[in-house]
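Biologist: I'm new to this one, so could you give me a close look at a single part? I'd like to hear about the charged side chains and how they pair up.

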Amino acid sequence: MSTRRRFDPPEVGSVVFSGFREQPAEDPHGPLTSGYAGLVGSVGSTAEEPFPEPPIHLSDTVCATPFPVDRLPGWLAEMVEAVSVTTQTSTSLAGTVLLGALAAAAGGCATVEVRRSWTEPLNLFTAPAAEPGVRKSSVFRSMFRPLEMAEQELIAKSAASRWEVQVDLEVAQAAAEKAKKTAATAGTSDALSDAHSAYAHAQSIKVPPEPRLLADDATPEAMVSLLADHGGRIAVVSAEGGLLDTLAGGRYGKTPNIEPLLKGHAGDRIRVDRKGRPTELIEHPALTLCMTLQPYRMRKLGTVGEFVGRGLLARFLFAVPPDTVGYRDGDPPPLPEWVEHRYATTLQALAETCHGWDEPKTLTLSPEAATRHLAAINQLEPRLRPDGDLYPLRDWASKSMGAVTRIAGLLHLATHGAALAVERPICGQTMAAALALGDFFTDHAKVAFASMGSDPALAGAREVLAFVRARYAADEEKVDTWKISDLHRALPHKPGSRFAKVEAVVEALDVLEEYGYAVRLSRPIRPPGAGGRPPSPQYLFRLP
């Protein structure tokens, strides 16, 4: 394997890649220029120094907590490291997508029994965030290609048996048609009984569909059919996250149909009756979702009441790693063949073995793993109180130990292989690794949920500050003051956008002033002798 280390972008200031840096104790630009003397009107500001105190951090839009690659089994850790270097992406992106691939391979094939009344299936919902141009599609291809190969292998192996069943069906249908004609001609009860039996026999023959492990951006209705056709398990995989966009956009009505997703994650029974079609019944569904979301799309999710109120977002493992664009090597090393081969053959074997099980296997916890698991639950509970750090995302955090349990089961299968894993319990070391991954996702969930539109004014403030700083960096004159009216015209303000109304700009400026990033000038600059409407209020920004 290449000796080059994983690709982890450097920190920028004290907030990684969020675009908002803490300012040093001394302003590198010196005191406020004399042109602003007497114009600063913010409480606590002075004409000499408009920003006497350091700024308060706006909520970060990315999380610097690195993916704990070293807690993965060797063949998985090697793949995450190698894909990260080859694609010049964060290990958080590669690692989160890899967990989705593991869940696609084994989800629905086994459950973890924590105690008699608590079992967890092994399917996951994973959603790393990635800006356009980050090469997320390359990461998905690398991680999911072995499952596409496994799917093709399963199709080839089952072809002969499917053809046999197809022939049996056609013969039975022909016999049923012949028996019907005989009954119509003979008109005897025996002939009619024979026709009934022949028809019932033909109806009982079901030609199995080609095996499927993966689907791409299926609608909720299509997911139900896929689950029904494939033993209650399917993985919907997309590098673009179109499914949530479709649901959030109300393509199928004002209320998005998220019931299949909720039940598919939990393993609850799904029954769908549609006019003119057979009933679709899935007793123990296991739906896996793995998709990337562009950050602006992620921010929109929190505004969809159905997603929040019914707990859909609380089921996702989010990752919001720093953007790597601008820090990448133009000539990275290729993916080492031996790493790719080991990953492909091991994951493919795992998927094919799990797919061959008639019933889900039950994985148990060793005493050490159970002790670690219970200790983590007891440590988590106080953090959900109103004064705890996880209270703002208690819906997600309440489900986090279930996610940890599922991850522990997947790591157990990856460590020992499917055949051996069912013969031994999950050990303490594997549970510790799953808990470390749980800590990673908890840190990222804090940032993800904070950015999901829960506070529009704060989100607007981040956007305004990023815009002003970008203009400042590109402007040779280094303009550090903006009128509200000019700022509103410069920002995207089409109907339906965040800044469609000037009031949204004012709210964002109020937040920036409160947090120490802007100060209102008390006497707007007005040309001598100018009449008419008073000038628009003007703000001075703290800029690097």
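**Charged pairs, up close**

Modeller: The count comes to 14 salt bridges, taking a side-chain nitrogen of Lys or Arg within 4 Å of a carboxyl oxygen of Asp or Glu as the rule. Keep in mind that this is a predicted model. For a bit of background, the protein has 18 helices and 13 strands, and 49% of its 544 residues are buried.

Let's start with Arg145 and Glu340, whose side chains form a salt bridge at 3.3 Å, N to O. This pair links distant parts of the chain: Arg145 sits in helix α3 and Glu340 in helix α10 (residues 337–355), with their positions 195 residues apart. Arg145 is partly exposed, at 35% relative accessible area, and Glu340 is partly exposed too, at 28%.

Next up is Arg269 with Glu283, joined in a salt bridge at 3.2 Å. Arg269 belongs to the loop between α7 (259–266) and β6 (270–272), while Glu283 belongs to the loop between β7 (280–282) and β8 (286–291), so the pair ties together parts that are 14 residues apart in sequence. Arg269 comes out as partly exposed at 41% relative accessibility, and Glu283 as partly exposed at 40%.

Then there's Arg383, which meets Asp389 in a salt bridge of 2.8 Å, N to O. Arg383 is partly exposed, with a relative accessible area of 30%, and Asp389 is partly exposed at 38%. You'll also find a network of salt bridges linking Glu259, Lys263 and Arg310.

Now go back to helix α3, which covers residues 136–186 and holds Arg162. Arg162 is buried but has no salt bridge: the nearest side chain of opposite charge, Glu210, is 4.2 Å away, and the cut-off for a salt bridge is 4 Å. Still, Arg162 touches Glu210, along with Ile155, Val207, Pro208, Pro209 and Pro211, leaving aside residues up to four places away in sequence.

Another charged residue in α3 is Asp168, which is partly exposed, with a relative accessible area of 44%. Its C-alpha atom is 8.5 Å from that of Ala202, 34 residues away along the chain.

Helix α3 has a helix partner as well: its axis comes within 10 Å of the axis of α1 (residues 74–87), and the two cross at roughly 150 degrees. That makes α1 roughly antiparallel to α3. The contact is made by Met79, Val80, Val83 and Thr87 of α1 and by Ser138, Val139, Ser142 and Met143 of α3.

Notes:
Residues are numbered from 1 along each chain as its sequence is written. This is a predicted model: local features need pLDDT of at least 70, side-chain atom pairs count only at pLDDT 80 or more; totals for chains, interfaces and linings use all residues. Side-chain values use heavy atoms; hydrogens and water are left out. Helices (H or I, at least four residues) and strands (E, at least two) are DSSP runs, numbered from the N terminus. Buried means under 20% relative accessible area, exposed over 50%, partly exposed in between (1.4 Å probe, protein chains only). Lys and Arg count as positive and Asp and Glu as negative; His and the chain ends are not counted. Contact means heavy atoms within 4.5 Å. Axes are lines fitted to C-alpha atoms, for helices over the stretch in contact, and angles run from 0 to 180 degrees between N-to-C directions. Angles under 35 degrees count as roughly parallel, over 145 as roughly antiparallel, 65 to 115 as roughly perpendicular and the rest as oblique.
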